[in-house]
Amino acid sequence: ALCLAERYIIDVHKNSGSTSGPVPYYKKYIERCPKQDNGSDCGIFMLKNIDYITRRRALDYTQDDIPYFRSLVAYEVYKGEVVTV
């Protein structure tokens, strides 16, 4: 999953029309982060981990927050904008 996220970041930068060089990023391995307790929420967990890390927020959400996050992501995709919470 990390390789896919890495490729996504590079592709978004490339397609953004930015004239700057490659987007700077680093890999950070986190020992303790929220984990799903089913086989269907991996994408939402990945998106929220990226969201929280890039906003420098503590990874303090739980499986119970996922239905809200799923609705929020659907809304953001529909509106074409990121909601700052």
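A residue is called buried when its relative accessible area is under 20%, exposed when that area is over 50%, and partly exposed in between, using a 1.4 Å probe and the protein chains only. By that yardstick, buried residues make up 21% of the 85 residues in the protein chain. The model is a predicted one, so local features need pLDDT of at least 70 and side-chain atom pairs count only at pLDDT 80 or more, while totals for chains, interfaces and linings use all residues. Residues are numbered from 1 along each chain as its sequence is written, and side-chain values use heavy atoms, with hydrogens and water left out.

As for the overall fold, the chain has three helices and zero strands, where helices (H or I, at least four residues) and strands (E, at least two) are DSSP runs numbered from the N terminus. Read along the sequence, that gives the pattern α-α-α. Contacts (heavy atoms within 4.5 Å) also say something about how the chain is put together: of those with a separation of 6 or more, 42% are between residues 24 or more positions apart. On the outside, the chain exposes about 6,800 Å², and carbon and sulfur atoms supply 58% of this; accessible areas come from the Shrake-Rupley method with a 1.4 Å probe, and for residues only the protein chains shown count as cover.

Next comes the inside. A nonpolar core is a set of buried Ala, Val, Leu, Ile, Met, Phe, Trp, Tyr and Cys residues joined through side-chain atoms within 4.5 Å. The largest one here has seven residues: I44, F45, Y52, Y61, I66, F69 and V73. Helices α2 (42-54) and α3 (66-79) each supply at least two residues of this core. V73 is a handy example, as it is in contact with I44 and L47 once its neighbours within four places in sequence are left aside.

Another core member, Y61, lies in the loop between α2 and α3. Y61 counts as buried because its relative accessibility is 5%. Leaving aside neighbours within four places in sequence, Y61 is in contact with P34, F45, K48, N49, Y52, I66 and F69. Two of its links are polar contacts, meaning pairs of N or O atoms within 3.5 Å; within protein, one atom must be able to donate a hydrogen and the other to accept it, and residues adjacent in sequence count only if both atoms are side-chain atoms. The Y61 side chain reaches the backbone oxygen of F45 at 3.3 Å, and it makes a polar contact with the side chain of N49 at 2.6 Å.

What about N49 itself, buried or exposed? N49 is buried, because its relative accessible area is 15%. This residue is found in helix α2. Although Y61 and N49 are twelve residues apart along the chain, their C-alpha atoms are separated by 9.4 Å. Not counting residues up to four places away in sequence, N49 touches C33, P34, L59 and Y61.

Charged side chains get their own look. Side chains of opposite charge can pair when their charged atoms come close. A salt bridge is a side-chain nitrogen of Lys or Arg within 4 Å of a carboxyl oxygen of Asp or Glu, and a search of the whole structure finds three. One of them joins the side chains of D41 and R70 (2.2 Å, N to O). This pair links distant parts of the chain, with D41 in the loop between α1 and α2, R70 in helix α3, and their positions 29 residues apart. D41 counts as buried at 6% relative accessibility, whereas R70 is partly exposed at 37%.

D51, found in helix α2, has a hand in two salt bridges: one with K48 (2.8 Å, N to O) and one with R55 (2.4 Å, N to O). Salt bridges that share partners join K48, D51 and R55 into one network. D51 and K48 are three residues apart in helix α2, so about one helical turn separates them. K48 is buried at 5% relative accessibility and D51 is buried at 16%, while R55 is partly exposed at 29%.

Back on the surface, Y8, I9 and V12 make a nonpolar patch of about 290 Å². Patches are made of residues with over 30% relative accessible area and no salt bridge, with like charges joined within 9 Å and nonpolar side chains (Val, Leu, Ile, Met, Phe, Trp, Tyr) within 5 Å. Y8 is found in helix α1 (residues 2-15) and counts as exposed because its relative accessibility is 57%.
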